[in-house]
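Please open the model in your viewer and keep the sequence panel beside it. The stops below each suggest a selection and then describe what is found there.

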Amino acid sequence: MHEAVAAATKSTPEYRQCPYPVYRTLREQAPIARLTPGHGVDTYLITRYEDAHAILADPRIGKDMHEGIDLYHALFGDLCEALDDNLLFADPPRHTRLRHIAKTAFTPRHIHALRPHIEELAHGLLDRCPTDRPVDLMQAFALPLPVMVICELLGIVGQERTEVLKWFAVVTRSRFNKDLKGDLEEAEIWLRDYFARHIHRTRQQPTDDFLTMLVETPHEEEPLTDDELVSMIWVLLFAGHKTTTLQIGNCVFSLLTHPDQLRAVQENRELLPQAIEEMQRFEGSVETSTFRYALEDVEIGGTVIPKGAVVQIALNSANRDPEKFPDPDTLDFTREGLQSSHLGFGYGAHYCLGAPLARLELEICLTALLDRFPDMVLAMPTPAEGDWLKGPFPAFRGLERLPVALDPSR
Ligand code: HEM
């Protein structure tokens, strides 16, 4: 087996710390690499931008979870049932219908209306951070905020939100830990029951919120069933929390390890949206796409991916492909046109539905930090040393902890 393939498959510590040299080798020597990861299913890893872009838009490569149900059972266990009806793991025509309904509810008006709430949540969390000693920004800020925002979107507030956060934390903590299986089951049952009650209440007392729009499906579509609604809530929680948490951490880490770029954005805040796109390209939180399956034999760049094989797209590798982005390992906030070219939010039919919300969250979080703590520094042994997530391959890319001194003068 190619050395670079082995490093990616085994997810060695060096690879986790910095996977980019491995991706460079794969792009140059094995751009469509066959691997056999922990889950044991034949997998093809795509590392070049051009191939990734083509595959993400190719209808011969599907996503329906029923194609790989064993794999999904290994990953999600009992949650498979709840995730069964969701758009992230569906193909047309099921995907088209679910996506259309979700998109109608995910309007710019709804996202925009969330701004003051997200600002309040972000500042509330920062108010509680100590400034006289280092604080782990992942635990104190990046982790709680995105779930709070999704609750806000779904109209889950007050004490109910506190309960949902508590039980959802149990799910995320225990999903990959067999010793905590009992806790996981209890949490899943509690959340499923709660979501069903919340949906029932929204049907009885509609408002103008996001969940009401989902319940009141656009007239040309068949309405969502209660099971589909519960599944939609699960997928928003799963797709919208860890991705955003890790991206907040990646952005802060990138800023603090690139003082020249940090200074540029501090001197010119109008650069921030462009900077966020560049940081998403440079260190995206979704390192590889979710699973796809070859629905037939598919030839790409001279390699035949056989029907039934899993196809995995290394988004972070495509985003560092010099054929597409010159000098790709340099963080450069003056790059333009990134919003429509980097693959950090995917591409094609499954392009991230929450991208506008994620961008808003990132903008609010970074603005709050830069305004309140302009002298913030890393409180790690050396600036280059992050505590990168280990996890199995395929992986998210992000930090487990991010100790910072918010006000080093204290
Ligand atoms: C899909 C990234 C935040 C909801 C995706 C995909 C990527 C992605 C790469 C495509 C997956 C694939 O094709 O395999 C991200 C990143 C985020 C983020 C990096 C944060 C920085 C959010 C948020 C929400 C969300 C905040 C909603 C609350 C979704 C949904 C899909 C999706 C529903 C599935 C769309 C479909 O299958 O049609 N995301 N996401 N995401 N994302 Fe996000």
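**The whole chain**

Begin with the entire chain, in which 40% of the 410 residues count as buried, a residue being buried if 20 or more other C-beta atoms lie within 10 Å of its own, exposed if 12 or fewer, and partly exposed in between, with C-beta atoms placed from the backbone. This is a predicted model, in which local features need pLDDT of at least 70 and side-chain atom pairs count only at pLDDT 80 or more, while totals for chains, interfaces and linings use all residues. Residues are numbered from 1 along each chain as its sequence is written.

Colour by pLDDT, the predictor's confidence in each residue from 0 to 100: the chain averages 88, and 88% of the residues score at least 70. Where pLDDT is low, the predicted coordinates should not be read in detail. For the complex, the predictor gives an ipTM of 0.99 and a pTM of 0.94.

Switch to a cartoon, and the secondary structure comes to 19 helices and twelve strands; helices (H or I, at least four residues) and strands (E, at least two) are DSSP runs, numbered from the N terminus. Among contacts between residues at least 6 apart in sequence, 73% join residues at least 24 apart, where a contact means C-beta atoms, placed from the backbone, within 7 Å.

**The five-stranded sheet**

Next select the open sheet whose five strands run in the order 1-2-8-5-3 with mixed pairing, two strands being paired if DSSP finds at least two bridges between them. Its edge strands are strand 1 (32-35) and strand 3 (61-62), each of which pairs on one side only.

Working inwards from strand 1, you meet strand 2 (residues 43-46), which pairs with strand 1 in the antiparallel sense over four bridges, and here L35 stands opposite T43. On to strand 8: strand 2 and strand 8 pair in the parallel sense over four bridges, with L45 opposite Q312. Strand 5 (residues 292-294) pairs with strand 8 in the antiparallel sense over two bridges, and R292 has V311 as its bridge partner there.

Which residues cover the two faces of strand 8? V310 and Q312 lie on one side and V311 and I313 on the other, and all are buried. Now add helix 4 (residues 49-56), which lies across strands 1, 2, 3 and 8 and runs at about 125° to strand 8; the angle, on a scale from 0 to 180 degrees, is taken between N-to-C directions of axes fitted to C-alpha atoms, for helices over the stretch in contact.

**The nonpolar cores**

Then show the largest nonpolar core, with 78 residues, where L214 and I233 have the most contacts inside it; such a core is a set of buried Ala, Val, Leu, Ile, Met, Phe, Trp, Tyr and Cys residues joined through C-beta atoms within 7 Å. Helix 15 (residues 226-256) gives the most to this core, with 15 residues. Centre on L214, which, leaving aside neighbours within four places in sequence, is in contact with I101, A105, L224, L229 and M232. A second, separate core of 29 residues includes I55, A294, A318 and L343.

**Two last stops**

Select helix 3 (residues 20-29), where V22, Y23, L26 and R27 are buried. Seen down the axis of helix 3, these buried residues fall within an arc of 135°, so they line one face of the helix; the arc is that of the directions from the helix axis to the C-beta atoms.

Finish at the open sheet of three strands, ordered 4-12-9 with antiparallel pairing. Strand 4 (135-136) and strand 9 (377-378) stand at the edges with a single partner strand each, so one side of each is left without a neighbour in the sheet. Strand 4 pairs with strand 12 (residues 403-405) over two bridges, and D136 stands opposite P403.

Definitions and conventions
Two residues are in contact if their C-beta atoms, placed from the backbone, lie within 7 Å.
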